[in-house]
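Welcome! Take a moment to look over the sequence and the 3D view, and then read on for a short guided tour.

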Amino acid sequence: MSGGTDNRCPRCGGGFHCGIDDAEPCACTALRLDEATLAELRTRYAGCLCLACLRGIAASNLPPAVER
């Protein structure tokens, strides 16, 4: 996953700041996704997803949306 810069979410296209290289832990580290979901996300997307998409995926327990 990419880090420390402003990015575009490959799932929804929205802009966001990836905090992987920030001094404080990125908010995404507090989200819990099962290993199967993480593996699926890695096959579908190159790079980080925004928090809104990650929260939605975590809350739905459904497969991630197909990119447009």
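## Confidence in the model

This is a predicted model, and its chain has an average pLDDT of 83. A score of at least 70 is reached by 81% of the residues.

Among the chain's helices and strands, you can look at both ends of the confidence range. Helix H1, which covers residues 35–44, has the highest confidence, with a mean of 92. Strand S1, made of residues 6–8, has the lowest, at a mean of 85.

## A salt bridge in helix H1

How many salt bridges does a search of the whole structure find? The search turns up one. Arg44 forms a salt bridge with Glu40, and their closest N and O atoms are 2.4 Å apart.

Both partners belong to helix H1, and because they are four residues apart there, about one helical turn separates Arg44 from Glu40.

Are these two residues buried or exposed? Each falls in between: Arg44 is partly exposed, with a relative accessible area of 25%, and Glu40 is partly exposed as well, at 29%.

## Arg55 in helix H2

Now move along to helix H2, which runs over residues 51–60 and contains Arg55. With a relative accessibility of 46%, Arg55 counts as partly exposed, because that value lies between the 20% limit for buried and the 50% limit for exposed.

You can also find Leu33 in the view and compare its position with that of Arg55. The two residues are 22 residues apart along the chain, and their C-alpha atoms are separated by 9.3 Å.

Key. Residues are numbered from 1 along each chain as its sequence is written. This is a predicted model: local features need pLDDT of at least 70, side-chain atom pairs count only at pLDDT 80 or more; totals for chains, interfaces and linings use all residues. Side-chain values use heavy atoms; hydrogens and water are left out. pLDDT is the predictor's confidence in each residue, from 0 to 100. Helices (H or I, at least four residues) and strands (E, at least two) are DSSP runs, numbered from the N terminus. Buried means under 20% relative accessible area, exposed over 50%, partly exposed in between (1.4 Å probe, protein chains only). A salt bridge is a side-chain nitrogen of Lys or Arg within 4 Å of a carboxyl oxygen of Asp or Glu.
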